Each structure stands twice: as structure tokens, then as C-alpha cells.
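Here are a few notes to read alongside the model. Have a look at it first, then go through the points below.

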Amino acid sequence: MTEGITSKKLEFQRQRTHQVRRNAEKGSSWPEHDARDDVYKTSWREMKYESTRSFIYQQQQPPPPPYLLSDQSQIKTIQYFQHSSHFSHSTPTTMSAEASSAVRVIGLWPSPFVIRVLIALKLKGVEYEFVEEQVGKKSELLLRSNPVHKKIPVLLHHGKPISESLVIVQYVDEAWSSSAAPAILPADPYTRAVHRFWAQYIDDKFPPAIRTLKGSDDGDKEQAAGQLSAALQLLEAAFVELSQGKSYFGGDGVGYLDIALVSHVGWVRAVEKIAGVALLDEAKVPNLAAWAGRLCAHAAVADAIPDADKFVEFSVKYGSFSKPINSGAK
């Protein structure tokens, strides 16, 4: 029954599209209201808008929808859409808002796992809406979007949820592979596997040590500092090997492993202050220290990672609540 209604609705919409075209060729107005518009809950204004918004957006004319291609009469239809008094042009600001609403990020700003998603989107030049969670609470949107883990971050792309930060970063790289921005993951399969290995290593080692050092987890802080320092030493050696004398793990540009590690830098700097330890220190890891300085000043990173004092303030204010919303985020 539903399939029959859908089929009839689509056929009706095609008929209405042909009516639009014929009327445009004749220079007449939009077809009169049809009773089936109410039956199928269609709106000719919405149909006209959906048919033409790509031509209005950013004052460009990308390839039109298939049903508006092929002959000069269809070009007239496009022009009719653009200049018709029935159509209210959207301002660039409105269109930008619509573009960003197609991509939404559910998260909380201090989460390193959320930070890496924001960096990936900015590297790709993707507009997005940041939907911030309340500390210590999980919204209905989050629970509905990630019913398995119920954790941040979640990327919503045209309403479809993607969870797990490293999965999201890979998705962003693939979904916007045609953008002008370079690829995030290495092209070589072996190098890509190596970057993924180190990214997983970072997520295994950094969060538990950081939680202990900032006091949200019980544990030996001296031992946690030693574990984090040892991890940074290994990553120092990995950076020398993978960067091949260039600025980033990804070479000349910011890559997958850069994003995975820099997302933790804010909290590493914060726990240095909270626990009084030296971790990302020039004397211990000179290459990583220089790398962190360069990357944190990068245009795609600077806004995502505030000063370490902000992380310290958050830890002091929400220390008892930071574990449930951040520790499980991936």
C-alpha cells in the first residue's frame, strides 16, 4: 500500500515538473493548485525551491538536477525559477546556515575525541553546526544518535549518525574526498596502516593517564606520568621516521596521525600544570614539542584547542563530571 502511494506521488511530482516547464516556456505563472498537492502533502513552493537552490547558493550555477537538463527550454525554466516573484531568494547567510545544518557534531568542547572531529572538518573546509552537550548529562539527541555506546562525539551527516572519533575522521576524509583540501589519510596502504596503529596506541595510552593526572580517576599519578612520558618518547621516534624531516606526521600537510595526537595536547598541557610534571618538554621530546607548537597554531587547529588554562578551569569546575562524558568518548 505504501509503495503504491509513493509511486503515485512520484509520478504526480513528475507531472507537476513538466507543467512548470511548459508554463515557463509560455511565460505564464506557476500552475494552479492541484487537489493532489494536499493528498500527497507536496508543496509547489518547496518543489520550486528544491529544484533551484543549488543555482542560487553562492551565486554559482553547478550542474542542474537531471530533470532540468538537455534543452534551451529547461534553461528558461531555471531562469524563471530564479527571477519568479513566487520564489524568495535566500541570502548567503541563510544558505550557509542550511549548509552547516547538513553536518552536525554532537559533543563537548574539552573532549579530545570531539576536538579531532572538528579539526578534520575544518581541514576539509566543511561547514558544520556544533551541538554542545551539557556536562554530566546526555541529551536525547545523543542517546538517539548513538544508542550503542551513548557517547560523544557523533557526526550527523544529513541526519545519518557516525560514531567513534577515528571512524568519523576517516569518514570525513572519504565523504569529502573531492574537496580542494588534501587527503587526511596517507595514500600508501602500508603507511596508512602504520598511522592507524599509532592512532590506536594514542587512544589506549593517553586517556587513562590523563584522567589519573587530573584527578578524575584514582591511581598513582607518578606512574601515570611515567607511562605518558614513555608513550611520548615512542611517538617522538615515530615522528622522526614518519615525517621524514617535514613538519607533520603526514609530511607537508596535517594528516590522520597529527589529528589523533594533537587532540590530546590541550589536556597534556593542562595536566602538566595540575600535576606539576613536564611531559611535552623540549628537553625530552624536542621534535614533538616543536610539532605541537606548529600544529596548535594551524588555522584548522587553533580554534579547536584553547589555551591550557581553559582545560584546567574545566577540570576544577567539573572534575567529578568530566569522567562519564569524556572518558568513554571515542
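1. A word on the naming to start: helices (H or I, at least four residues) and strands (E, at least two) are DSSP runs, numbered from the N terminus. With that in hand, you can find Ile 152 in the loop between α7 (140-145) and β3 (154-157). Please keep in mind that this is a predicted model.

2. Is Ile 152 buried or exposed? Its relative accessibility is 2%, and since buried means under 20%, Ile 152 counts as buried. The C-alpha atom of Ile 152 lies 7.0 Å from that of Val 114, although 38 residues separate the two along the chain.

3. Val 114 falls within the range of helix α6 (residues 112-123), which packs with helix α8 (residues 165-175). The angle between them is about 5°, and their axes are 9 Å apart. Because angles under 35 degrees count as roughly parallel, α6 is roughly parallel to α8.

4. Which residues make this contact? From α6 come Phe 113, Arg 116, Val 117, Ala 120 and Leu 121, while α8 brings Ser 165, Leu 166, Ile 168, Val 169 and Val 172. By class, the residues of the contact are eight nonpolar, one polar and one charged.

5. Now for the chain as a whole. Its secondary structure comes to 14 helices and four strands. Of its 330 residues, 47% count as buried. Among contacts between residues at least 6 apart in sequence, 67% join residues at least 24 apart.

6. Finally, the surface: the chain exposes about 17100 Å², and carbon and sulfur atoms supply 52% of that area.

How values were computed. Residues numbered from 1 in each chain as written. Predicted model: local features only at pLDDT ≥ 70, side-chain atom pairs only at ≥ 80, totals over all residues. Heavy atoms only, no water. Axes fitted to C-alpha atoms, helices over the stretch in contact; angles between N-to-C directions. Parallel < 35°, antiparallel > 145°, perpendicular 65-115°, else oblique. Contact = heavy atoms within 4.5 Å. Nonpolar A, V, L, I, M, F, W, Y, C, P; charged D, E, K, R; others polar. Buried < 20%, exposed > 50% of the residue type's maximum accessible area, 1.4 Å probe, protein only. Areas by Shrake-Rupley, 256 points an atom, 1.4 Å probe, with all protein chains shown as cover.
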